[in-house]
Structures are given as structure tokens and as C-alpha cells.
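Trainee: Please give me a close look at a single part of this model, namely its strands and the way they are paired.

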Amino acid sequence: MTTTGTTPARDTGRQGPPAPPSPGAGRRPQTPENAARLLRAGPLARMLRPVRTHLIVCAVLSAAGAAAGFAPYVAIAEIARAALAAPDATGLAGTVWGWVGIGAAGACARLVLVFASSRLGHYADAELLHHIRVRVIRHLGALPLGWFRAAGSGEVKKALTDDLEDMHQLIAHALGEMVGAATAIAVGLGYLAFVDWRMALVTAGVLVAMVICYRTAMRSMSVHMTRLIAAAGRISAATVEYADGITVVKAFGTGGRVLDRFAEAVREHTAAMRAWVNETRYSSAASRLLSCEMAVLAAVMAVGVPLIGAGELAAADLLPFLVIGIGLPTSITPAIQGGQGLRQGRMAASHIDALLARRALPEPVRPRRPEGHRIEFDRVSFSYDGVTDALSDITAVCEPGTVTALVGPSGAGKSTLASLLPRFYDVTGGAIRIGGADVRDIPAQTLLSSMSLVFQDVALLRDTVAENIRVGRPGADDEDVRRAAMAAQIHEVIERLPQGYETVLGADGGGLSGGERQRLTIARAILSGAPVVVLDEATAALDPDSETAVQQALSKLVAGKTVLVIAHRLHTISGAGRILVLDGGRLAEAGTHDDLIARDGLYARMWRAQRNGDDA
Ligand SMILES: Nc1ncnc2c1ncn2[C@@H]1O[C@H](COP(=O)(O)OP(=O)(O)OP(=O)(O)O)[C@@H](O)[C@H]1O
């Protein structure tokens, strides 16, 4: 008997509480790491506020549906009680038909109410998820770009897919299921108590014992799940390692080590599963036993029959416990499932809440427009963690129409300094000015549209080649797109693609090589025509042919602009108007190539080291 508003999508058809789940089967597991991050009731209520009325009505309908679902069973029990209690059948017909009517009406009402509750739950779900999606997307638009570079794509994917799926379970299913199941148990026990409170206590005792056994079985779930997930992770890592390195494995016969790791992970997984099963075998078996009809039947008969024998209970009064009481354990399953859905939903809500609470980039109170494109770094300091400075006291100027190169050993702070210009992060000391205006006073849109950023990790959209270039200046016509592609030395490559400029690229750039993808982004930057250009290691990973093509494309891009370029290979920037040498987050030297060679400091040492390396 299912007396709750359990919807078909979530009704697993299981009798009794679920057995310990296996990793990867169904929902994401509860682990100690995420257990602490359940959103508290207050913030959760605030998040659900846009659909609060819907959810209340949904819960009321679900409760009413669950209560109405009892009517047929109560009717059967009452008809049987009346038949057993009546000395003859005279006058019984009226009672029977009355209860038949009540039972039928209850069954119909249950169908309608549960259906309405489910529809309303899904409607509220669609409304709220739309609302949350819009909020998250708007908020993402205001977050500093540095956040996306550090942890962004994983976080965004989790918030907009996994977390929303869990929120869906919470809103559309878990709340209704829990309310329905709780009502079913309360109404069922209430009716049984009305018939005979002592027998109702016996029935309730079986339910309580079942819940205790279930909780005992689940108590160590988080510990075992963590162990199982770790082992499953090692299995999949070893599998991927084997598949990815199959060439090396075959060529050098090193499959033994990889296969050993795989076998060890499988052994650990089996051991973890065995430990869990062993530890919970009694409590799990007991909860399963208590959740079946036979448990209530046995308890009811064991207490009821002696009471009847002693004349303390009418035989007819035992019937409701046999008809309704034995079905109550199965009502606990949706309550448990609903509880799991609720926890999962609260975790997801907590993650979304944390994302929405991330500090957005403050927009200027009194916005300023840059006058010209002279870049000034004025005693700039920056720290990622608020403790250690990645940059300290950097003062430098980049004049319009010149190229300024940033060089220095790995970790010196070159990328960090470049990323402060488009406000991927805000300085923690000093100021950066473009055209006399502090970048923090320039509206984000104006700031970003005033610069072209070309990074080593090329980002292409899943769109046509033409649209990928047009990102630089939305609305540019096809001719402008072509001209930009020609200037970036990529036009001929595009023409050779199956559908030319209309070829759709994947996020990985489809069939384009690294250098070709880079030239595509340079075409994008050329099309944008932005007066400030920031190049980060733009040619570092290219072969000589590609590098020559990219360098030619870059020379078109940077002509007449204020250019800040990061380079490891010093020969690519030896002609730069000014070279800033960073070391340990400080400006160690500055000048032209000749100045710095004459100075015989860090730059000169790096130059000689690279020349010797090239000659070797
Ligand atoms: N997102 C980040 N969070 C915390 N610390 C960071 C982050 N990015 C860089 N750092 C640290 O800041 C310092 C400067 O790093 P940065 O990447 O700017 O150096 P770099 O000169 O560009 O190095 P490379 O030439 O190797 O790219 C380093 O100590 C680095 O570990």
C-alpha cells in the first residue's frame, strides 16, 4: 500500500528502507567533506521565497492526498468491523454503501490531489530554477575574471547543472514526498489509536524499531562512502592512465605497474565494500525485516490474539491493524528518500548560496573615462591570499604606440601584473591608471572593450569560425571579419576548412592546430581594434613555422597600440621599447635591451643563459 503522494519518477518500488547504496549508483553521496555544508533553514527559506506559496500549497495538497488515500483502507476495515459486530445482515447495506462511497471518494480525491501536488511542485521547480539561473548568470557577470581563471568553470558547471538537479529533487519531489509520508504515518497511527491505543502503540513500536535499525545501518555511511569513492577514483585513474598511455605501455612493456595499481585499487574497493557490508549486516537485515508486512502482522497478532482471548479487545477491532497497520512501514521509505533528497538539496542550495555570496567586482561610484591609453603602474602591490605579496611596489609606465615587455624568472609575477590591468583582480596597494583614470573607476564594460587580451590558453566558442572572430566586435560585417583573418595570417587556413568561415568549431578548436587557434584569437583582437593589447606568452608553445606566422599576425595587431607583452623567450621582445624585469614580485630592472645588457644584471644573465641554451 502506498499511501503518500510519492510521484512515479521517484517511486523505486522498494519495500522498506534502501540498502546501503553503492558508489556511483544514483545520487551523489553524502561525504564528511560536504556533510557540513547543508544550507541552514533561514537562508534556505530565503532562497525558496519566490515560490513559497506554491510550495506551501503543494505540501498541503500532498498531505491531503496522503490522508485521502487512507479512505479506501479505512472503509474496508470499517465495513469488516460492522459486519463482524452486527448480529445479522439487516441494515448493514446502508453502512456498507456509505463506506464504499467514502472509500471511492477518498481514492479519487487522492489521485487528483497527488497529481495536483506533483504538478504544482514541478511548476514551482521550473519557476525557482529559472529565477536561480538568472541570478547566478547575472552574478557571474559581475564576478572578477580572476575567479573564473582560478576555479570558475568547475564551480559554474556544478552550480548550473549538478546543484540545480539536486534543487529540482528537493522542490519537485522531496518536500511533497516527506510531507505526504509524514501525513500518511500520522493519519494511519491516529486512526489506529482511535480504534485501540494499545494496538496502535504496538504498531508504532515496530516502526520506531525499523527506523532505529535503519539509522544504525546508515550511521557509518559517510566514512564507508569516502573510502569507496577514493577507491573508485583510483580505479578510474588507473583505467584512464592505462588507456591514455597504451602506446608507452605497449612499446616499453610497463603495463605491469599500471595494472598493479589497478588491481590494488580494485582490492581496496572490495575490502571497503566488504567492511561496510560486514559492519551493517545485522542492522541492515533487521531494518529490512521490520519493514515488511510480516513484521507488523506478527507483532499485531502476538499482542492482539491474547487480548481478544482475555476479552479486552473485540475481534473486529483487530482488522484495521491487519488492513492499515501492515502497510505503514512502506510509508517510511518515501519519507527516508525524501529526507535524503532534502539533504542533497540543502547541500546544493548551500553551494549556490556560497557562489551568490562571492564578492562581485565593485562598479565605480563615480565612473571615469580614460583620456588616451597611457598605462601607469603606480606603486602597485598585490596579494592572492592577503598574506604574501605576489607583487610589491611596482612603478612603471607604458606609453601609447610602444611595446613594453615583462620578463623575469618563473613565478616572478609577470602574469599577475598583466592580469591586474583588465581587473581580473584588484590591486591590494597602489593604483593602475589607463589614460589618467584608475582602472577601478572605469566601468567594467568600457575597460574590457578598451583592451585586447591574447593568452596562451586559447578560448574558442562552440560556434562558426566567423562568429569566433566576430566576438572581437559583435556586428562587424563579413568583410571586416575576412580582413581581420587576413591580417592575422589565418584566412587561407579558414578557406581550406570544409565550410570555410561557416565551419563550426568545437571548444577545443576542431581541427585547428595550436598556432592556428592562436591566430584566430589574434584575428579577433585585430577586429576589436582595442587601443590596449595584453599578450601573455602568446607564442610560447609553438613550433618555429607557427611562431613566425603568429609573430607576423601580432605585428599587425600591435601597430600603434599600447602593448604589454609577457615573454619567456627574450629574443621575441629584444626590440621592445621598454623591458620590465620582475624578480620575486619586485621590479628588478627596467630599460631597453641594450641598456639591460650593458647593466649586466638579471636580464643580461637570462639573455646569456638563453643564448647558450639555443646554441647548445
Ligand atoms: N591564482 C593564484 N593564487 C595564488 N597564488 C598565485 C596564483 N597565481 C599565481 N600565484 C603565485 O603568484 C606568484 C607570481 O605568479 P605569476 O604566475 O604571476 O608568475 P609568472 O612570472 O607569470 O610565472 P610564469 O613565468 O611561470 O608564468 C607565484 O608565486 C605564484 O605561485
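Mentor: What follows goes through the strands, beginning with a sheet and ending with a hairpin.

Please keep in mind that this is a predicted model, in which local features need pLDDT of at least 70 and side-chain atom pairs count only at pLDDT 80 or more, while totals for chains, interfaces and linings use all residues. Residues are numbered from 1 along each chain as its sequence is written.

If you follow the open sheet from one side to the other, you meet six strands in the order β6-β7-β8-β3-β9-β10, and their pairing is mixed. Here a strand is a DSSP run of E with at least two residues, a helix is a run of H or I with at least four, and both are numbered from the N terminus; two strands pair if DSSP finds at least two bridges between them. In general, such pairing is made through backbone hydrogen bonds, and it may be parallel or antiparallel. The edges of the sheet are held by β6 (451-455) and β10 (586-591), and because each of them has a single partner strand, one side of each is left without a neighbour in the sheet. On average, and with direction ignored, neighbouring strands of this sheet are turned by 15 degrees against each other.

Within this sheet, β3 (residues 403-407) runs parallel to β9 (residues 578-583), and four bridges join the two. One residue that you can trace yourself is V407, whose bridge partner in β9 is V581. A helix also packs on the sheet: α19 (residues 514-528) touches β6 and β7 (532-536), and the direction of α19 makes about 175 degrees with that of β6. A contact of this kind requires that the C-beta atoms of two residues, placed from the backbone, lie within 7 Å, and the angles are taken between N-to-C directions of lines fitted to C-alpha atoms, for helices over the stretch in contact, on a scale from 0 to 180 degrees.

Now turn to another set of strands, where β1 (residues 375-382) and β4 (residues 429-434) run antiparallel and are joined by five bridges. In that pair, S381 has G429 of β4 as its bridge partner. Strand β4 also pairs with β5 (residues 437-438), again in the antiparallel sense, over two bridges, and R433 stands opposite D438 in β5. Together, β4 and β5 form a hairpin with two residues between them, and in its turn G435 has a positive phi of about 55 degrees.
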